[in-house]
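Please prepare a report on helix packing, internal cavities and backbone details for the structure shown here.

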Amino acid sequence: LLTTAQYYLELLYLQDLYRLFFFLSPFSVLGEIVVNEVNFVRKCIATDTSQYDLWGKLVCTNFKISFITDDPMPLQKFHYKNLLLGEHDVPLTCIEQIVTVNDTKRKQKVLGPNQKLKFNPTELIIYCKDFRIVRFRFDEAGPESAKKVCLAIAHYSQPTDLQLLFAFEYVGEIYHNPAKKVNGIDPGGGGGSIGSASGQQTPLFETYSDWDREIKRTGASEWRVCSVNEGYMISTCLPEYFVVPSSLADQDLKLYSYSFIGRRMPLWSWNHPNGSALVRMANIKDVLQQRRIDQRICNAITRSHPLRSDVYKSDLDKCLPNIQEIQAAHIKLKQLCVNEPFEETEEKWLSSLENTRWLEYIRSFLKHSAELVYMMECKHVSVVLQEEEGRDLSCLAASLIQVMLDPYFRTIVGFQSLIQKEWVMAGYQFLDRCNHLKRSDKESPLFLMFLDCVWQLLEQYPAAFEFSEMYLTILYDSARISLFGTFLFNCPHQRVKESTEFAISKNIQLGDEKGLKFPCVWDWSLQFTSRDRLLFHNPLYIGKSAPCVQNGAVKTFKRSKKNYSSTLRGVPPALKNGIISEQEFLPRRNSLILKLKPDFLQQTESQSNSMEQYFRDWFAKPVDLHGVILPHLSGTQIKLWKLCYFRWVPEAQINHGGFITAFHKVSLLADEVDMLNRNLRQYKSNSSLQGSCSELDQSRMYFRANSLNDTSEAPDFLSSSFPFSPVGNLCRRSILGTPLSKFLSGAKIWLSTETLANED
């Protein structure tokens, strides 16, 4: 028998083993291997001193960097967890820049791939694409070990080839070992549909049938699924299947395709119940044939309309900010939210935010989309979105229009199908725009801007969306994880081509498959438990079966004339009540709507008044949560998405406050209502208590009411950053007397090799 002392020693030993294998292991994904590591590393967290810093091991794998610590985290009381990433992990594709510092020699260097480091680093600063800064100190670590792990992180986070991204390693392991799974779940990503957080299936639009179902769902009777690009025989940047007017024959499409940039023929996106269609189109490069082909395409779209209505063509390149301007605004926003100490810029912070132009560009996209909603909804005309290649701005504009018009795209499954249809399959260049390989001059955060625009609508109409802002933020984060094929490629053809080449090099037998099947991001069970996926659900959402309630009344709310007028005071004339003034609709240079036909060029004053009147009438009525929603565009109504941009900044956190507090209270109320409904159904059906137990245990809410009339206070762990930044994952900019602002003095943009000297 063990003595009491021996028993406790054995118990502590077993606890250490348990923590080692179940909590401290950096291996969580199949195919992940450690490439370098260093012990006795200190991670700097959100304090002015090192008193609360964490000690542990810094590990670089071929998938992420991990900080493994056995320090207790008493302030972290919630159980939110990503199944792929630990609390202190950063995916390699989320790393923006790597800076090594030597305090003694007063040197710092931005590390690139395959570079040498001539000094021993005392500090490592990781700048992440999600606005996070992670800092490590090597005061007690071996100098050579610290140098090697820094070089390893720089090398593996900046791969020279697409096939070096971790997803290929993972998929190769799956195909060589088909019995293996990740997190107990088989990988998805093939054709057909994929399960989502709500349990329904998200169509991937990789097959003929998915497009055919979308045609039938929208009632687009005069449109057909075209297979002319099967095998990518016509264009490598189009999907194999897409929708075209029924009057256009395959032979005509093949002939016309040569005249479009990238051979990107017009793509149908969506049909309004009144017959108006939303179409995307690249520019016609053949100047001699431009007018003839343009007329043929527009005539075919007109014939597909039941009223044979005219076509509006919007030239996005002329009326919206370009990708370079959006990237510049994003860099300035990142500098403002991350680099600038709050205490030094508080007085001029709002003007600095305005100078980034980020919110201005968001307003431009929302305004433009609302104008085109008017054309489809009120004028019953089809809209053609045209840009040079038809795979950047049109992704954003087409998606916003559909979110405003179709309530299906405001559900979780509908929103995911929208992204799959308008971004992934339509050839948005995720590889280049997200800069996964760290060597693209084409980087631009269009996808983030789209999510921000949707967040603005969610903020204004919370009951119209099934998903929460946490879902949008997690979706943005998932685009930075190199496991999912969804956001990894520039087009579907690139996935097939690259994965086929990889399969041949690794002797993987594909059979009839078109390339390797990568995990799909819409299978959220790969990242989160069923409980954590409940955070995706918006407790304020009113489904189709529920009545539209406003201010306690069912569809009875109506603005009085006095209240309606008061909302216009102090607002610029062009943006009153979120609508555009009369002069905004008159034909002008760089108009947000470019008219195709001559009669539209001669827009009369009555037509201009008609558009303005449409917006005024719409805002004067109660909102139909299952109909059209339009954005408010005044200065106070377009806000900064604080949860996404400020979640890593300790100074910006509101303990026991922020949106999450309201989310918590509403969740408890919604859960209580669900409990009452279940009790009523049980009472009416006179079912046995045993038969209803499983139903009583179910809830849509992450926060659940313990009982009816639950008045419990908000949990202590809630803050405005919930659930993204536990205490140990925050990093203050000033620590140990070496504030980062000293490194950035004089910097005009986000850190780059131009703003930080490459000193040896």
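The report below takes up the helix contacts, then the cavities, then two backbone features.

This is a predicted model, in which local features need pLDDT of at least 70 and side-chain atom pairs count only at pLDDT 80 or more, whereas totals for chains, interfaces and linings use all residues. Residues are numbered from 1 along each chain as its sequence is written, and side-chain values use heavy atoms, with hydrogens and water left out.

**Helix packing around H13**

Helices and strands are DSSP runs (H or I of at least four residues for helices, E of at least two for strands), numbered from the N terminus. Axes are lines fitted to C-alpha atoms, for helices over the stretch in contact, and the angles run from 0 to 180 degrees between N-to-C directions. The table lists the packing of H13 (residues 412-424) with three helices.

| Pair | Angle | Axis separation |
|---|---|---|
| H12 (393-405) and H13 | about 150° | 10 Å |
| H13 and H15 | about 145° | 13 Å |
| H13 and H16 (469-478) | about 30° | 13 Å |

The angle between H12 and H13 is about 150°, which makes H12 roughly antiparallel to H13, while H13 and H16 are roughly parallel to each other; angles under 35 degrees count as roughly parallel, over 145 as roughly antiparallel, 65 to 115 as roughly perpendicular and the rest as oblique. H12 passes H13 in a right-handed crossing, the crossing of H13 and H15 is right-handed, and H13 passes H16 in a right-handed crossing as well; right-handed means that the near helix is turned clockwise from the far one by less than a right angle, and left-handed that it is turned anticlockwise.

Contact here means heavy atoms within 4.5 Å. From H12, Cys395, Leu396, Ala398, Ser399, Gln402 and Val403 meet Phe415, Leu418, Lys421, Glu422 and Trp423 of H13, and the residues of this contact divide into seven nonpolar, two polar and two charged. The classes count Ala, Val, Leu, Ile, Met, Phe, Trp, Tyr, Cys and Pro as nonpolar, Asp, Glu, Lys and Arg as charged, and the others, Gly among them, as polar.

Towards H15, the contact is made by Phe415, Leu418, Ile419 and Trp423 of H13 with Leu446, Phe447, Phe450, Leu451 and Val454 of H15, and its residues comprise nine nonpolar, no polar and no charged. Towards H16, Ile412, Phe415, Gln416 and Ile419 of H13 meet Tyr471, Leu472 and Leu475, a contact with six nonpolar, one polar and no charged residues.

**Cavities**

A search of the whole structure finds four cavities of 30 Å³ or more, a cavity being a set of points, on a 1 Å grid over the protein atoms alone, where a 1.4 Å probe fits but cannot get out, with lining residues having an atom within 4 Å of a point. The largest cavity has a volume of about 120 Å³, and of its 17 lining residues the closest to its centre are Arg433, Cys434, Ser444, Pro445 and Arg480. Helix H8 (323-339) and helix H15 (446-460) each supply at least two residues of that lining, which by class has eight nonpolar, three polar and six charged residues.

**Backbone details**

The peptide bond from Phe722 to Pro723 is cis, with omega near 0°, and Pro723 lies in the loop between helix H23 (689-696) and helix H24 (740-743). Arg308, although not a glycine, has a positive phi of about 55°, and Arg308 is placed in the loop between helix H6 (287-303) and strand S15 (311-315).

How values were computed
1 Å grid on protein atoms, 1.4 Å probe; cavity = no way out; pocket = protein on both sides within 12 Å on 5 of 7 lines; lining within 4 Å. Points joined across faces, edges and corners; volume = space filled by probe spheres on them.
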